[in-house]
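Q: Could you take me through a few features of this structure, showing me how to read each of them in turn?

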Amino acid sequence: MRPISRALRAAAFAAVLLANASDASSGARAPASSEKPAAEPTARNWSVPPDFEALRAEFAARADFAELCEAERPLTAAFEALQSARWSDLLALTGKWTEQCPVDIEAHTLRAVALGESGRAADAEAHEMWARGLFEAVLATGNGKTPETAYRVIAEFEEYAMLRLFRYAPERQAIAPNGVDAMTVLADGEAQVIYFEPATHSAAHVAKLDGRRANR
């Protein structure tokens, strides 16, 4: 599991750099706290892998999906805690986050880093497994090279999570005629387009697309 751990940790820190691209600071991180947080109570056994494809579909179909997974993602606060090595804060944020929305790739990636830095290797590996499983579930849906072979995602936040794990810096977003998101990214210094298709064309997604078109 160590190579996977290193890859996920690198992806998480790459996400911080992308999220703070306009920050002119030196990027120095605060010393890690010596505090050893107690294990949080959990209703889910994270060491048992689910059917990730089925779980994503189940959550995407929920009437309260937007409320659970999109309304209040603590991504900015989590990145700030990560950058400052405030592992207790990051554990608190991601503990609630993963319980509420277990299909969020970035929640598991960030939690794995915090757990690993807090000396909880087994728990970290469990969340690494979840992050990898969710990531691979999206990869299995297409190749992202054309609108017809777009990756099928359950929400817009999943698109950005995939781009960050690919280490691609998003440049701009457009909407193809069939509703597929066309994301222009920088990959190895060159611009290319990655396509994502929402797995469910919900009323909320259609309204979002209409809003983007109106603002062009």
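A: Let us start with a pair of helices, keeping in mind that this is a predicted model. When two helices pass each other, one can ask about the handedness of their crossing, and for helix 4 and helix 5 the crossing is left-handed.

Q: At what angle do the axes of helix 4 and helix 5 cross, and within what distance do they come?

A: The axes of helix 4, which spans residues 75–83, and helix 5 come within 8 Å and cross at roughly 150°. Because angles over 145 degrees count as roughly antiparallel, helix 4 is roughly antiparallel to helix 5.

Q: Which residues of helix 4 and helix 5 meet?

A: From helix 4 the residues are Leu75, Ala77, Ala78, Ala81 and Leu82, and they meet Trp87, Asp89, Leu90, Leu93 and Trp97 of helix 5. Sorted by class, this contact has 9 nonpolar residues, no polar residues and 1 charged residue.

Q: Where is Asp104 placed, and is Asp104 buried or exposed?

A: To settle such a question, one compares the relative accessible area with a cut-off, and buried means under 20%. Asp104 lies in the loop between helix 5 (87–100) and helix 6 (105–117), and it counts as buried because its relative accessibility is 0%.

Q: What does Asp104 touch, and what lies 3.1 Å from a polar atom of its side chain?

A: Setting aside residues up to four places away in sequence, Asp104 touches Arg73, Trp97, Leu134 and Phe157. The backbone nitrogen of Glu106 is 3.1 Å from a polar atom of the Asp104 side chain.

Q: How should I read His108 in helix 6, and which residues is it in contact with?

A: The reasoning about accessibility applies again: His108 counts as buried because its relative accessibility is 0%. Apart from neighbours within four places in sequence, His108 is in contact with Trp46, Thr98, Pro102, His127, Trp130, Ala131 and Leu134.

Q: Which phi values do Arg167 and Asp188 have?

A: Here one looks at the sign of the backbone angle together with the residue type. Arg167 is not a glycine, yet it has a positive phi of about 65°, and Asp188, also not a glycine, has a positive phi of about 55°.

Q: Where are Arg167 and Asp188 found?

A: Arg167 is in the loop between helix 8 (156–166) and strand 2 (169–175), and it counts as partly exposed because its relative accessibility is 46%. Asp188 is in the loop between strand 3 (181–187) and strand 4 (190–198), and with a relative accessible area of 84% Asp188 is exposed.

Note on methods. Residues are numbered from 1 along each chain as its sequence is written. This is a predicted model: local features need pLDDT of at least 70, side-chain atom pairs count only at pLDDT 80 or more; totals for chains, interfaces and linings use all residues. Side-chain values use heavy atoms; hydrogens and water are left out. Helices (H or I, at least four residues) and strands (E, at least two) are DSSP runs, numbered from the N terminus. Buried means under 20% relative accessible area, exposed over 50%, partly exposed in between (1.4 Å probe, protein chains only). A polar contact is a pair of N or O atoms within 3.5 Å; within protein, one must be able to donate a hydrogen and the other to accept it, and residues adjacent in sequence count only if both atoms are side-chain atoms. Contact means heavy atoms within 4.5 Å. Axes are lines fitted to C-alpha atoms, for helices over the stretch in contact, and angles run from 0 to 180 degrees between N-to-C directions. Angles under 35 degrees count as roughly parallel, over 145 as roughly antiparallel, 65 to 115 as roughly perpendicular and the rest as oblique. A crossing is left-handed if the near helix is turned anticlockwise from the far one by less than a right angle, and right-handed if clockwise. Ala, Val, Leu, Ile, Met, Phe, Trp, Tyr, Cys and Pro count as nonpolar, Asp, Glu, Lys and Arg as charged, and the others, Gly among them, as polar.
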